[in-house]
Structures are given as structure tokens and as C-alpha cells.
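Thanks for coming. I will go through one structure, starting with a sheet and ending with the contact between chains.

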Amino acid sequence: MAGIYVHVPFCKSKCTYCDFASYPKEVGKAELYFACLYKEMKARAAQYPDMIFDTVYFGGGTPSFVDEKYITGAMRLIREKFYLSDDAEITIEINPGTLTEKKLAAYKSAGINRFSLGLQSADDAMLARLNRIHTLQDYYAAAKLLEGENFSADALIGLFDQTEKDVENTLSAIIESGASHVSVYALKAEEGTPIFSNYLNGDLPDEDAVADLYEFAVKYLEKREYYRYEVSNFAKRGRESRHNLNYWRRGEYLGFGVAASSHVANRRFTNTEIIDDYVKCIISGHYAEISSDEISGDEITAEYVMLALRTAEGIDAHDFKARFGVDFTERYADVLRRHGRYLDITDDRIRIKPEYLYVQNSIIIEFM
Amino acid sequence: MAAEKKENLRNFCIIAHIDHGKSTLADRIIEMTGQVAQRDMEDQLLDSMDLERERGITIKLTPVRMSYTAKDGKEYVFNLIDTPGHVDFTYEVSRSLAACEGAILIVDASQGIEAQTLANTYLALDNNLELLPVINKIDLLSARPDEVAKEIEDVIGLDGSSAPRISAKDGTNVEEVLEQIVKVIPPPVGDDDAPLQALIFDSYYDNYKGVICFVRIVNGTVSAGCKIKTFMSDKVFDVVEVGTFDPHLRPKQTLTSGEVGYIAASIKSIQDTTVGDTITLVDKPAPEPLPGYKKVQPVVFSGIYPLDGSKFNDLKDALLKLKLNDASLTFEPDNSVALGFGFRCGFLGLLHMEIIQQRLEREFDLDIITTAPSVSYKVYKTDKTMVMVNNPSHLPPVSDIEYIEEPIVKASIYSPPDYLGAIMDLCQEKRGVFLDMTYLDASRVRLTYKLPLNEIIYDFFDGLKSRTKGYASFDYELDEYERSDLVKLDMMLNGDICDALSIIVHRDKAYARGRAIGEKLKDVIPRQMFEIPIQACIGGKVIARETVKALRKDVLAKCYGGDITRKKKLLEKQKEGKKKMRRLGTVEVPSEAFMSILKIDTDD
């Protein structure tokens, strides 16, 4: 099974922490952009004719910001050119300030069955400070439209002067609204973003404070039966994001549009982040890859371990043996001798102990 | 070379306090004798190591041969040997002096006589060199050449009035220096027909030619094809090439007595030539070697270990190669519980140590760990024997020690009088004993102190510079050993003593230093999966404690559009960073931690 990722690099305005391929001023290029994206899809469909897909994900940017015809057009093309299984999980990211009844109807008619709402915080002052375009009220309105649907919401931790109470407010708003899935991301101030100067000024909580907020969120959500299936992702049973799990299981996926990454036949490649470059490449009949790496040998094993250890389920010992022809415990006997105490190891699974999941890098690098 | 031509040879070096313009004058002289086309001149031609150029100091000797037509119409050959100016490299200076008949003594026209001016003057006089004083930097607004000329007379006892007043920077009066070289510095005396005696004053390893020996031919001649041997080794070598320096190697038919040049004889092993040894001919050997030099004793010791234990042999080869042209470096294999196999190295001072450390890293591309420096202690044991200890972890158990003596130096500090109070405070903090104070003139004072060497090797020099706005200079010589109340201070990481972090320290300072080291380690040791207690202890008793808290957050953020490659690169980078650390027991310690304990201000 494999996934399709579609990147929509447009948004109404840029959030102060956003470090991603998203261009508020370029929305006039949407027509041209999607024409190219469709062309890229057709070419890849011909290049990889035998793949079967069971997830689609529209990410951004703000996919819900552009005219819904581009999204439904993409879905039409996907169904036409690729094998998409009947029970496919099809997700779109939505900014609560942009969802309308009309849009939602169009999405649903295109077969989209999962919605990811970017709430981030239940505090309107904080939302304004982050240059988010919506309020808590907008979120409730969007959630109301989505009543009965399978939807997720994002919460940010590590915001200005954030307390446990603030995190609780955000999480309770999400739970109350009926979301079946919650992503809790720690804000990371990247160089070049407006928030980086706040970070340098020491206006953001330090590592220990963020870890406290994270632990609080984990406890709060697990108590309400949103269990942590990946370090930043929580869901009701059966409501995990299959699209994301596919990444962690080292599955294959095709990415379309700027900055989109793909993984097919042990090759990982990524498109340019620059819209104009992307358009030029595609129009002139080329792909827009700016990097391409063939993964082979031990690197495959290292990737597999690195990705699986992010998740709560960890590594499936039998799957590992089937893929690599050796028992995990034998292959990494040396590492396990020194660092085994941070892992839960049974005959079936190897996973990072829950209390160490938030310091997983230190453990994962030992396997690389 | 015929006897009358020897009359026209001048071998000299330039000595000065650091920054008084030695290399600039050398460059000007080379330029004016037309040795190097101006367009080929890089600034400070003789400082060939990157490190020298970067720091603006001379570390190694570099000889160069020039010809000069004097006003008397005769053509003279000059051999100039550049010398280092820093207190650590006094030994290198003494080596170049032995190859010369005279020395140009540069004094800065605004700063006047400084510590190294005097130290090098005495060295030159000990070697019976003719001194030619020169007052440099007269182009500076603050230049006071008349006063400095008087200082030269009063303090050194040379005729300051005839000293050329020059600006090496813009070339003013440098011609006068060239003329005085001819007049003041005597030609060499030597006998071409006597058996060969060539003094090795430096050497280095060339990948193609083997060891290149820098020599001063004192008696006899040598040319390609000769069979040679040295007095310290019985091995015989065939001379492949001899020549002079322009300053690059310039082959020549024969070297005769009085000349300065090089000998290449396909010598592969660097232990076969020792600086200070004498080369002679196998067929017609000299009856005895030249006096050579007094072997210098290293005064500062530290452990050097490969970061990656398997690079032990690479480190050994690198040290052997450095030793070849740095006779003052000593090393012997050592092993530490914490760091494994490495070497205990002896240095002339902290700058020397730092330079060796950087050369190992740059020229040999080695990742190394250097432990905190120590001096050599005399430990008198209860069984009435005495052992020298320069490695704190080799200190015998307290119960076996009767008492310990530490090396004391006599330090001369030169400064404007405004800073006397600050300097006296500093010396007091460093357990100094005041000996003497002399006014050189109204604006300069010389203070003499007795100071324990182990106080100087920490941060004395930095402290002196910062408290006197850089105006003070200092020089020291080893004086004697004195009984002192010294203890071994151990550092424990997560409950295990780390022998590489132990130091020997005066009991009165142990508490403050232990606390300071603990705080420093807390800053440099990154947070790990568990809490790490850092304890300072003396004889098992904990005197200070710090804690590195356990790591709480070490995770990569959301996976944007499935970009696994980016994630992988970030993790790989993190892994690379970890490789730069050394695992001590259960704790990962960055290599700079070992040195960082040195750079601690314990003044509070």
C-alpha cells in the first residue's frame, strides 16, 4: 500500500513560526500551479503504473484556502490515473477560518473523508500573536460543519508564556468539538521566521518547560482515550492517520507539487520549494526534483529503525526479520547492550519505553 | 669558499620582544637585498606556518640567504635566521644564536625595553654574539626614540646613540641597518681544511627528500656524495643534496665553513638526527662534537589522547614528526583509565602546548583530547624516596607522602607604574612573594616576584594582560622547588572518578577551584538520558557538587510532506556531534571539557 501527497503552497497570510513552502502573495499563480501539478501526476502515473494507493493527503500551506475546484480536480485525476483503493483514507488540511458549507460539500463529493483542522491554540490573543487568521469561534464553527465526520485538530505547545492551563484549554476545546485525532507539536523557532527573534530574546519557554507541557498533554489525552500512537500524534482507537503511519513504516508514497517528497523503489526524492522553478520544470517537460537519493544496504535498515522507533507500536520483530533476514536483537546486539534499557523488547516488538519517547533522538542515533 | 670571501659573510639573527617588528624588519631586509621579487612577497615571508601568520607570531626558525652590495663597494652574503619572540620559545632562540656571529636587537620606539628584549639580550651575550641595537617603529606618533635610546644604554649597557632609528614598516633607514650589519657583526672564523663539524640547529621531514637538516658549518666542507654520520647515532648516510635558503631550498655544490645551509641525505627515520647534534664525515671524522645546546627541560605537562582510540599510532607518528623540528617537545606513552592510551607530553609553556595541539589538529588532521596542564612536582615519600610527578593520577596515596615540593619561578614583570596595584593584587592571589621593584624610568617599572609555576600555567598571563590593558609584559625563569601544602583534586562524574580531570592544587585553593571546575563541567557536558552528578573531592571527601539535569526533549518536529531525508540528515548531524565526545564510564564528555577546566576564573 502506498500514499499520495499533494502540496498546496498557498495561504492567506503567513504564521510567524511558519518555515514551510507557503506563499501568501502568490495565490494568483494557483491556476498555473495546479495545471502543472496535474501534469506531474500524469507523468508519474505513467512512470509508476503498478502502484496501489490507499491514502491521499492534501497538505500546505492551506489547501482549504484555494478554490475547491483545484482539490476536486486533483481527486478526479488521481482516481483516473492511479489505482486508489475503495476504502482509501483521503485527508485535507483545513484552516478553520476558510471552511464553508459549499467547500465541504465539494470535498465530500470528491471522496475526501478525513479533515485536519489547524486550531493550534484556544486563546484568541495567542492566535493573533502568531498571525493565525482564525479565532476559537471559527474553529467551533468549522467543527460544527464537520459533525459526524472523521476529523483531527492540531495543538501547539511551547508558545509564549504558555501554561498547563492554556494547553488544557486547547485540548479540551478539541475534544469537546468531537475530533477523533489530535496532533500536538512543539513549536520550533526556525531561523528566518519572525518568531526566531522571539526565541533569541528568550520569549519562548525553554526545553524543560516544553517537556512539562508535553507530558501534561500526553496524560490529559490518554486519560480521555486518545492514545499516543506516534510521538506527536494521538487518536481514538482505529482513528490513527494511515497516511502518516505509512511514513513511519517506511512505506512508499508519491508527492506532488513544490517541496513534496516521494519514496518509491528505495529512491527518495524531493521537489523544489520555489513555485516558479517548479512551474518552469514541469512546463518544459521535466520533473522538478532537487534531490534524489538511492537508499541501499544498511541505510535501508537504519531508516526502517529510525522511523519505526518514533511510533508507540515500534518495530514489528517478525516484519524486521522478514525484510532483513536477521533478528533485530541479533543485528543490534551491540547497541542493545549499551542502550537496551531505554527499550521494551518482546518477541514480537521492539519499542522505545513510553517515558523515553520524547528524548528518542538520543536513542535512535545509536541505531544509525 | 676562499678565505677572503669568508670575510664577506655575515650570519645573524634578529631578536626582539613579541610584536616589536622582527618579522617586518626581516621582510624589509630580504626585499632590499632583492632576494625575493616584490610581487612574490607575502607579508611576513618567514612565518611560513599558517598558524604563525594567523597569530602574527614567529614560532619556528627560518633561515634565508641574501647578497648585499655595501657602500664600500664589496658584495656581502647575509644569512638571516628569524627567531621567535615569545617567552615559551627561548630555547628556539638559543638554537639560532648558536649559528650566528651577531644579532640585531630590535626595540620598539614607543614601548621601549620589554621582558623578552632583556631575556634575549642575555641569551645573545651568553653566546658571545655581537649585538646591533635598532630602534623600530619611529613612524608611530607615540614614538620616543631618544628615551628608548637612553633605556638601551641604562638597562642593557649598549650604545643607544648609534642605534639606527628605523621604520621597518615604511622602510625608513633600513639601509643603515644593512650597513651596520657589515660593520658591526664579525665574519665567521672556521677552517675549510679541518674535519667537518656541522651543527644541526633545526630539521624537518620532507616527504621526498627525507629529513632536511638545517646546519651551520663550523669547520670543514660538505657536498653531495659525501658519507656522513652524527655523533649521537652510528648510522652512515650518503649526502644527496646540500644548499642554502632563498628562503626556499636552493641546491648548491658545496657548503664550506662559516656557511648556513641544509643537508639532505635520505634520512628516513626522524630519530636519527637530533637538533644540537654535530654532523661529521665518515672518512675524516672530527675528534669531538660541537658543544651543542643545553637540553631544555619541559615545564608544563599534559596528556594528549586520540579521540578515537584506534588512532593511537597516527598520533605517535605525528608527535615524532613534530619532535623533529621541535626538540623541546617531549612525550612518552601514558594511559588513563578514562581516556585509554595516549601520551604524556612536556612543553615549554602554555603557548607551546596550544601550538602543538593545533598543529596536531591542522597539519595531521587528528581529533585529540588534551588534558589540563600540570607542572612537575617532587614528591617525598614516607619511605624516604623521592619521585617526580607530572601527572596528577600518578600521585602516590596520601598515606605514602611525607611532603611535596612544587617548582617556583622568578618572574619579572614590566609595566607602566599605573598598574602596580593591580599587578601586586594578581601576584598575591597567585601566591606570589614580592622580591624587588625597580623604576627603569619615570614610565616603566620592573617588578620581581617569586611565583609557583602551577599558578602561572593557569591564567596568569591572561590576568596580567587584562588587568594592565595589555601594557605589562612578563618573563620568568625556573628558580627552585619549595615545600608546599598541595592536594589532589578529583572530579567524579556520575559517581566515577575521572582521572583525566584530576589536578594538583594548593589546599587553600582547592575548594574554590573544585567548585569552579564543577560549574564549568556542568556547562560543557550536554544533558544526557539520566541525571549526572558532578562532584569535586579531595581524598574521597566531596567538597562541591553540581548536577547536569537529565535530557527532557530530544525529538524532531513534524514530518513536513514526508521529507524523511531531511530528518535523517538532522539525526546524522546529531550523531556526528556525538562522535566528538568521549565516553567516560557512563557519561559522554565533549573533548573540550578537559581543557575548559583550565580557563576558569577563580578570583571570586
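One term before the sheet: an angle here is taken between N-to-C directions and runs from 0 to 180 degrees, with axes fitted to C-alpha atoms. Also keep in mind that this is a predicted model.

With that in hand, take helix α2 of chain B, residues 22–32. Helix α2(B) lies across β1, β2, β3, β4 and β5 of chain B, and runs at about 155° to β1(B). A second helix, α7 of chain B, residues 174–184, also packs on the sheet and touches β1, β2, β3, β4 and β5 of chain B. The direction of α7(B) makes about 165° with that of β5(B).

Now the sheet itself. It is open, has 5 strands in the order β2-β3-β1-β4-β5 in chain B, and its pairing is mixed. Which strands stand at the edges? They are β2, 63–69, and β5, 130–136, of chain B; each has a single partner strand, so one side of each has no neighbour in the sheet. On average, neighbouring strands are turned by 30° against each other, ignoring direction.

Inside the sheet, β1(B), residues 9–16, and β4(B), residues 102–108, run parallel and are joined by 5 bridges. Ile14(B) stands opposite Ile104(B) in β4(B).

Next, the nonpolar cores. The largest has 159 residues, and the members touching the most others are Ala103(B), Val215(B) and Ile263(B). Strand β7 of chain B, residues 210–219, gives the largest share of this core, 7 residues. Leaving aside neighbours within four places in sequence, Ala103(B) has contacts that include Phe12(B), Cys13(B), Ile14(B) and Ile15(B), as well as Leu129(B) and Leu131(B). Apart from that core lies another, of 104 residues, including Cys11(A), Leu37(A), Ala142(A) and Ala143(A).

Last, the two chains together. How many residues of chain B are in contact with chain A? The count is 22, against 36 residues of chain A. On the chain B side, the residues touching chain A divide into 9 nonpolar, 4 polar and 9 charged.

One helix pair deserves a slide. Helix α11 of chain A, residues 298–308, packs with helix α13 of chain B, residues 564–579, at an angle of about 90°, and their axes are 11 Å apart. That angle makes α11(A) roughly perpendicular to α13(B). From α11(A) the contact uses Glu303(A), Met306(A) and Leu307(A); from α13(B), Ile564(B), Lys568(B) and Leu571(B). By class, this contact has 4 nonpolar residues, 2 charged and no polar ones.

How values were computed: Residues are numbered from 1 along each chain as its sequence is written. Chains are lettered from A and ligands numbered from 1 in the order in which they are written. This is a predicted model: local features need pLDDT of at least 70, side-chain atom pairs count only at pLDDT 80 or more; totals for chains, interfaces and linings use all residues. Helices (H or I, at least four residues) and strands (E, at least two) are DSSP runs, numbered from the N terminus. Angles under 35 degrees count as roughly parallel, over 145 as roughly antiparallel, 65 to 115 as roughly perpendicular and the rest as oblique. Two residues are in contact if their C-beta atoms, placed from the backbone, lie within 7 Å. Ala, Val, Leu, Ile, Met, Phe, Trp, Tyr, Cys and Pro count as nonpolar, Asp, Glu, Lys and Arg as charged, and the others, Gly among them, as polar. A nonpolar core is a set of buried Ala, Val, Leu, Ile, Met, Phe, Trp, Tyr and Cys residues joined through C-beta atoms within 7 Å. A residue is buried if 20 or more other C-beta atoms lie within 10 Å of its own, exposed if 12 or fewer, and partly exposed in between; C-beta atoms are placed from the backbone. Two strands pair if DSSP finds at least two bridges between them.
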